[in-house]
Amino acid sequence: MAISILQDGGILENLLCELGRLVLFLLLTLAVIVAQLFGFDPAPIIAARNAIATADCP
């Protein structure tokens, strides 16, 4: 039985999903810092960051 790499639920798909979530999480964390520096309310950004952090990869 071969390991599924490119099909739904494959290793590559899961790896890319997790890497994408990590990049988005880091960018949103940076956006929170910048928003706080300029005096903006970071609550919507924090909500989006938390939603990405808890989302499941397909």
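Select E18 to begin, a residue that lies in helix α1, where helices (H or I, at least four residues) and strands (E, at least two) are DSSP runs numbered from the N terminus. E18 is partly exposed, with a relative accessible area of 41%; here buried means under 20% relative accessible area, exposed over 50%, and partly exposed in between, with a 1.4 Å probe and protein chains only. What you have open is a predicted model, in which local features need pLDDT of at least 70 and side-chain atom pairs count only at pLDDT 80 or more, while totals for chains, interfaces and linings use all residues. Residues are numbered from 1 along each chain as its sequence is written, and side-chain values use heavy atoms, with hydrogens and water left out.

Keep E18 selected and add R21, since the side chains of these two residues meet in a salt bridge, at 3.6 Å from N to O; the term stands for a side-chain nitrogen of Lys or Arg within 4 Å of a carboxyl oxygen of Asp or Glu. Both residues lie in helix α1, three residues apart, about one turn of the helix, and the structure holds one salt bridge. Then draw a distance from E18 to A53, which is 35 residues away in sequence and 10.0 Å away in space, C-alpha to C-alpha.

Next, colour the whole chain by secondary structure, which comes to two helices and zero strands. For α1, the end C-alpha atoms are 39 Å apart, which agrees with the 39 Å that its 27 residues should span at 1.5 Å a residue, the expected span being 1.5 Å times one less than the number of residues. Within α1, pick out R21, L28, V32 and A35, which are buried, and then show α2, which is included in what covers the buried residues of α1. Just after α1 comes G39, whose phi is positive, near 80 degrees.

Turn now to the surface and select V23, L24, L27, L30, I33, V34, L37, F38 and F40, which form a nonpolar patch with about 950 Å² of accessible area together. Such patches are made of residues with over 30% relative accessible area and no salt bridge, like charges being joined within 9 Å and nonpolar side chains (Val, Leu, Ile, Met, Phe, Trp, Tyr) within 5 Å. Accessible areas come from the Shrake-Rupley method with a 1.4 Å probe, and for residues only the protein chains shown count as cover. Within the patch, centre on L27, which is found in helix α1 (residues 11-37) and is exposed, with a relative accessible area of 52%.

Move to helix α2 (residues 43-54) and select R49. This residue is buried yet has no salt bridge, and the nearest side chain of opposite charge, D41, is 12 Å away; Lys and Arg count as positive and Asp and Glu as negative, while His and the chain ends are not counted. Show the neighbours of R49 as well: leaving aside residues up to four places away in sequence, R49 touches F25, L28, T29 and V32, a contact being heavy atoms within 4.5 Å.

Two further stops are in α2. P44 is found in this helix and is exposed, with a relative accessible area of 57%, and its C-alpha atom is separated by 9.3 Å from that of V32, twelve residues apart along the chain. A47 also has its place in helix α2, where A47 is partly exposed, with a relative accessible area of 45%; A47 and L28 are 19 residues apart in sequence and 9.9 Å apart in space, C-alpha to C-alpha.

Finally, show the full surface of the chain, which comes to about 4500 Å², of which 73% belongs to carbon and sulfur atoms. Buried residues make up 14% of the 58 residues, and residues 24 or more positions apart account for 41% of the contacts with a separation of 6 or more.
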